[in-house]
Amino acid sequence: MLQCLILELEMVFSWLNLLAKCGFSNITGIDYSPSAIQLSGRIIEKEGLSNIKLKVEDFLNLSTKLSGFHVCIDKGTFDAISLNPDNAIEKRKQYVKSLSGVLKVKGFFLITSCNWTKEELLNEFSEGFELFEELPTPKFSFGGRSGNSVAALVFQKM
């Protein structure tokens with residue numbers, strides 16, 4: 001039985017539901033917006049998925065003790081935190097600290113980012129995490145160079 005902590009509830013429509021339909025249980029989704037949680041709850045109820053828990057939580061300032069998760073998925077939360085004009089560097093450090101606190105040792109962290117390259121993400125998560133896998137993403141070429149429009153990496157907590 002795996003617990004999955006989903007950080008961005010816009011993903012509820014794909015990740016939470018998909019994981020629940022694939023037989024995962026003890027799935028928890030968090031968002032700092034009560035209205036996002038309410039919307040997600042209505043969708044989950046409509047689809048009859050009772051094995052998903054939703055909580056209003058700010059990942060940078062967790063009010064409850066969330067820990068022991070095997071998997072944490074982020075598709076945009078780290079990007080949004082990184083764009084915050086008010087002390088983004090400190091917020092990124094707090095994100096990594098919160099992530100470390102919720103994941104079990106040897107737990108997996110899946111991140112998809114459109115703002116960070118693989119190398120930059122490796123640097124941001126160098127303390128306590130190591131690269132497990134780079135997921136394939138679309139490539140593009142411009143000016144004689146090629147790259148990815150999105151970075152998708154799987155880290156493992158050490």
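# Close-up views of the predicted model

**Around Ser98.** Set aside the neighbours within four places in sequence, and Ser98 touches Phe59 and Leu60. Like the views that follow, this one shows a predicted model. Ser98 sits in helix 4. Is Ser98 buried or exposed? Ser98 counts as buried, because its relative accessibility is 8% and the cut-off for buried is under 20%.

**Leu99 and its partners from elsewhere in the chain.** Skipping anything within four places in sequence, the contacts of Leu99 are Phe59, Cys72, Phe109, Phe125 and Phe129. Phe59 turns up here as a contact of Leu99, and it is also one of the contacts of Ser98. Leu99 is worth keeping in mind for the next view, too: it is among the core members that touch the most other members.

**The largest nonpolar core.** There are 22 residues in this core, and those touching the most other members are Tyr95, Leu99, Phe109, Ile111, Leu121, Phe125 and Phe155. Two or more residues each come from strand 4 (69–75), helix 3 (77–82), helix 4 (88–102), strand 5 (103–113) and strand 9 (151–157). Which element gives the most? That would be helix 4, with 4 residues. A second core, made up of 9 residues, lies apart from this one and includes Leu16, Ala20, Val71 and Ile73. As background, nonpolar side chains tend to be buried together in soluble globular proteins.

**The second largest pocket.** This pocket holds about 230 Å³ of space. Its lining has 17 residues, and Thr117, Lys118, Glu119, Gly147 and Asn148 are the closest to the centre. Helix 5 (118–124), strand 8 (145–148) and strand 9 each give two or more residues to the lining. Of the elements, strand 9 gives the most, with 3 residues. What is the lining made of, sorted into nonpolar, polar and charged? The split is 7 nonpolar, 7 polar and 3 charged. Strand 9 is a familiar name by now, as it also gives two or more residues to the largest nonpolar core.

**Gly76, between a strand and a helix.** Look for Gly76 in the loop that joins strand 4 to helix 3. Despite the loop address, Gly76 is buried, because its relative accessible area is 17% and buried means under 20%. Arg42 makes a handy reference for distance: 34 residues separate it from Gly76 in sequence, and the two C-alpha atoms are 22 Å apart.

**Two residues with positive phi.** Neither Asn87 nor Lys106 is a glycine, yet phi is near 65 degrees for Asn87 and near 75 degrees for Lys106. Where does each one sit? Asn87 is in the loop between helix 3 and helix 4, while Lys106 is part of strand 5. Asn87 counts as partly exposed because its relative accessibility is 46%. Lys106 is partly exposed as well, with a relative accessibility of 46%. The class fits both values because partly exposed covers what falls between 20% and 50%.

**The stretch annotated in UniProt.** An unreviewed UniProt entry lists residues 23–133 as "domain: Methyltransferase". In the model, this stretch is 37% helix and 30% strand. The C-alpha atoms at the ends of residues 23–133 are 23 Å apart.

Conventions
Residues numbered from 1 in each chain as written. Predicted model: local features only at pLDDT ≥ 70, side-chain atom pairs only at ≥ 80, totals over all residues. Heavy atoms only, no water. Core = buried A, V, L, I, M, F, W, Y, C linked by side-chain atoms within 4.5 Å. Buried < 20%, exposed > 50% of the residue type's maximum accessible area, 1.4 Å probe, protein only. Contact = heavy atoms within 4.5 Å. 1 Å grid on protein atoms, 1.4 Å probe; cavity = no way out; pocket = protein on both sides within 12 Å on 5 of 7 lines; lining within 4 Å. Points joined across faces, edges and corners; volume = space filled by probe spheres on them. Nonpolar A, V, L, I, M, F, W, Y, C, P; charged D, E, K, R; others polar. UniProt positions renumbered as here; feature names shortened; annotations may be inferred.
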